[in-house]
Amino acid sequence: MGALLHYVLKPLSLIGALNWGLVGFFKFDLVAWIFGPMTIWSRLIYAVIGVSALIWAFVWMFSDDSADNNEYSRRHN
């Protein structure tokens, strides 16, 4: 789960957060600009990013932080 979390879920959640920041500050929806407003593709992107954020939040809430940090530091040191 560590690789999925670090390489897939966090970047997707970051993309979603950046898009919402653009919407909030500049009223600019990057996903709608690229894929069109509420097309099947933009809705799919919104759904994938939303599900990844939910999974990431559940993993973060219910994970043992000390075990994750020790495993991550062993792999990257």
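This report walks through the fold, one helix, a surface patch and the aromatic pairs of a predicted model.

## Overall fold

Let's start with the broad picture. The protein has four helices and zero strands, so the order of elements from the N terminus reads α-α-α-α. Of its 77 residues, 16% are buried.

Contacts tell us how the chain comes together. Taking those between residues at least 6 apart in sequence, 53% connect residues at least 24 apart. On the outside, the protein exposes about 6100 Å², and 72% of this area comes from carbon and sulfur atoms.

## Helix H3

Helix H3 covers residues 40–62 and is a good place to look more closely. How does the distance between its end C-alpha atoms compare with the span expected at 1.5 Å a residue? The 23 residues should span 33 Å, and the end C-alpha atoms are 33 Å apart, so the two values agree.

Four residues of H3, namely Ser42, Ile49, Ser52 and Val59, are buried. The cover over the buried residues of this helix includes helix H1 (2–26) and helix H2 (30–35).

## A nonpolar patch

Turning to the surface, a nonpolar patch of about 1300 Å² is formed by Phe25, Phe26, Phe28, Leu30, Trp33, Ile34, Phe35, Ile40, Trp41, Leu44 and Val48. Helices H1, H2 and H3 are the elements that each contribute two or more residues to this patch.

One member to pick out is Leu44, which sits in helix H3. Its relative accessibility is 45%, and because the partly exposed class runs between 20% and 50%, Leu44 counts as partly exposed.

## Aromatic pairs

How many aromatic pairs does the structure hold? There are four, and two of them are described here. Phe25 and Phe26 make a tilted pair, with 6.3 Å from centre to centre and 55° between the planes. Phe25 and Phe26 are both exposed, and both also belong to the nonpolar patch.

Phe58 and Phe62 form a stacked pair, with centres 6.2 Å apart and planes at 10°. These two residues lie in helix H3, four residues apart, which is about one turn of the helix. Are Phe58 and Phe62 exposed or partly exposed? Phe58 has 47% relative accessibility and therefore counts as partly exposed, whereas Phe62, with a relative accessible area of 67%, is exposed.

How values were computed. Residues numbered from 1 in each chain as written. Predicted model: local features only at pLDDT ≥ 70, side-chain atom pairs only at ≥ 80, totals over all residues. Heavy atoms only, no water. Expected span 1.5 Å × (residues − 1). Buried < 20%, exposed > 50% of the residue type's maximum accessible area, 1.4 Å probe, protein only. Contact = heavy atoms within 4.5 Å. Patch = residues over 30% accessible without salt bridge, like charges linked within 9 Å, V, L, I, M, F, W, Y side chains within 5 Å. Areas by Shrake-Rupley, 256 points an atom, 1.4 Å probe, with all protein chains shown as cover. Salt bridge = Lys/Arg side-chain N within 4 Å of Asp/Glu carboxyl O. Phe/Tyr/Trp six-rings, centres within 6.5 Å; stacked < 30°, edge-to-face > 60°.
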